[in-house]
Amino acid sequence: MQAELFILRLSRSSGVLGLAGTAFASEIFSRNLQLDAKHMKNQSIRLVRPLLDLWKEDMYKICQWGRQDWVEDPTNRSQLFVRNRIRTSIGNLESGSFKSELQAVISECRRTRSFVDKVCTDLIHQTVTVTDKGYAILDLERLNPSGVKDICLSKYLFAVLQFISQRQRPIRGNTSKLLLNYIRAIPCRTSLTAAGCYLSPAPGSKGTKIIVSCSVDCPLPSKTELLNISFNETPSDDLGQIIADAKSFSDHVAPTSLFEVQFLDVASESVLSKARELNLLSESTYTTIGLLQRDETKRFLTKTEEKSVELEHGTNIAASSDKVHLCLGQNLYFMNRFLIRWNLSDHQCNEADCRNCPVSTATSMEVRHMVEPDWLYLAELSKCSTSNHSISSSQKALRSLKLIPAAARKSLPVLVNHCGLLLCIPAIGFSYCSCLEASAVFLPRIPLGGGHSSFL
């Protein structure tokens, strides 16, 4: 499995991290929000692959030794699939050293990935502050980006930007170079939009800290869903011991310094050359892998692929400019980031004539991002000479908004009625009337770091 994946990704110009192959353990997050009632976080499906490093022939021998039957998938013999073609080509090789040498290269790539993952995790813990308003602050002085390798810094930036934007597209090419140059320009004086995020200097930091907020102007679609949320107790983890043992083994054999990692500065097109230089590959194996790579690269470049977009039944996929309506008592998962709910309390409406109160008469509200007129509306409302809930609430909201960077304010969700009147900004506590109860909890679907674990 790892061998054909290595050839496949090599033919697609994958970097060292991709050439490390499938991870020992990973997490998959459902499109439906499944909340852990105890920790208030989205639950995931954990995948563990304890037999990852075994060849297919080893599997046969294990089953035969244990007198166990197995099932063959007939599609595994079809040459229409690239993995099968590569697997067949590797299986036809007569050289007994080919597999062991190829595995040595994969192992070195995995050692590199393990080191990069550890560096990235440490940097996140030391330099990233995530706020409950949906943005992050990066401390560039602690990060010291000039002293971090490109591959580690790129992984770090991807993890942070993926978390804030909740978009899963990888950062490649010119965008990656642009971000690296931007993050290393200390003190930071400019702003930048990339990968669904808006990066800007933090107020009062003199360019030593960066605000990373969600860019609501990004053309990429985001998901907005009306949910019937199920709160689940944390399940017992039967695989915990397997993962703990693997993690313990990884910690003992994983490289701990730059000098122990051979592929850290190696570009994707130079991996094979570096492996030959390190005597991981013989000349014959180097040539064979090169031929397999060129064959699949040619097939990949000449093949015409038709891409289709399928919308899942029952899921409302909306761009940030689309109108999203939330009815009384419903749960809305807004842009994969905020869990929003509103209801009417039993408190008496503070309007003189409650029949004219825009809150008490509402049956649904539109949810959208905050815009500049909302700020101006709160400012005008706070200046009114009369005394009621909306005025005092707007005054408190303005004080809270002043503590939030301007770029981050734009990603805050607000509730308005059918006439466009601003009724609530739940993240900062503004409500037009005391009879309105609303909440907006920052609850990203994918956690910081991507919910992905990789062990040797």
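Helix α8 (residues 173–183) lies across β6, β7, β8 and β9, at about 145° to β7. Keep that packing in mind for the exercises below.

A quick word on the ground rules. This is a predicted model, so local features need pLDDT of at least 70 and side-chain atom pairs count only at pLDDT 80 or more, while totals for chains, interfaces and linings use all residues. Residues are numbered from 1 along each chain as its sequence is written, and side-chain values use heavy atoms, with hydrogens and water left out.

**The whole chain**

Task: Work out how many helices and strands the chain has, and what share of its residues is buried.

Solution: Start with the DSSP runs: helices are H or I runs of at least four residues, strands are E runs of at least two, and both are numbered from the N terminus. That gives 14 helices and 21 strands. Next, burial: buried means under 20% relative accessible area, exposed over 50%, and partly exposed in between (1.4 Å probe, protein chains only). Of the 456 residues, 45% come out as buried. Last, contacts, which are heavy atoms within 4.5 Å. Among contacts with a separation of 6 or more, 67% link residues 24 or more positions apart.

**The sheet under α7 and α8**

Task: Give the strand order of the sheet that holds β6 and β9, and say which strands stand at its edges.

Solution: Two strands pair if DSSP finds at least two bridges between them. Following the pairs gives an open, antiparallel sheet of five strands, β5-β6-β9-β8-β7. β5 (128–130) and β7 (192–194) have a single partner strand each, so one side of each is left without a neighbour in the sheet. From one strand to the next, the twist averages 20°. Now zoom in on β6 (residues 136–139) and β9 (residues 209–214): four bridges join these antiparallel strands, and Ile-137 sits opposite Ile-211 in β9.

**Helix α7**

Task: Compare the expected and actual span of α7, then find which of its residues are buried.

Solution: The expected span is 1.5 Å times one less than the number of residues. For the 16 residues of α7 (residues 150–165) that makes 22 Å, and the end C-alpha atoms are 22 Å apart, so the two agree. Now go through the burial: the buried residues are Ile-151, Cys-152, Leu-153, Tyr-156, Leu-157, Ala-159, Val-160, Leu-161, Gln-162, Phe-163, Ile-164 and Ser-165. With twelve of 16 residues buried, α7 is largely enclosed by the rest of the structure. The helix lies across β5, β6, β7, β8 (197–201) and β9, at about 45° to β9; axes are lines fitted to C-alpha atoms, for helices over the stretch in contact, and angles run from 0 to 180 degrees between N-to-C directions. Right after α7 comes Gln-166, with a positive phi near 60°.

**The nonpolar cores**

Task: Identify the residues that touch the most other members of the largest nonpolar core, and list what Val-212 contacts.

Solution: A nonpolar core is a set of buried Ala, Val, Leu, Ile, Met, Phe, Trp, Tyr and Cys residues joined through side-chain atoms within 4.5 Å. The largest has 58 residues, and Tyr-156, Ile-210, Val-212 and Ile-340 touch the most other members. α7 gives the most to this core, ten residues. At least three residues come from each of domain 1 (1–31 + 41–227 + 235–303 + 448–454) and domain 2 (346–434), with bounds from an automatic or database domain assignment. Setting aside neighbours within four places in sequence, Val-212 contacts Tyr-135, Ala-136, Leu-138, Val-160, Leu-161, Ile-164, Cys-197, Tyr-198 and Leu-199. A second, separate core of 25 residues includes Ile-7, Leu-10, Ile-106 and Ala-275.

**The sheet around β16**

Task: Trace the sheet that runs from β13 to β19, and place α12 on it.

Solution: The order is β13-β16-β17-β18-β19, an open sheet of five strands with antiparallel pairing. β13 (324–327) and β19 (430–431) are the edge strands, each pairing on one side only. Then take the pairs in turn:

- β13 and β16 share four bridges, with Leu-326 opposite Met-365 in β16.
- β16 and β17 also pair over four bridges, with Val-367 opposite Leu-415 in β17.
- β17 (residues 413–416) and β18 (residues 422–425) pair over two bridges, and Val-416 has Leu-422 as its bridge partner in β18.

Five of the six residues of β16 are buried, so this strand is largely enclosed by the rest of the structure. Finally, α12 (residues 372–382) lies across β16 (364–369), β17, β18 and β19, at about 100° to β18.

**Lys-396**

Task: Decide whether Lys-396 is buried or exposed.

Solution: Lys-396 is found in helix α13 (residues 389–401). Its relative accessible area is 52%, so Lys-396 is exposed. Lys-396 and Gly-429 are 33 residues apart in sequence and 8.0 Å apart in space, C-alpha to C-alpha.
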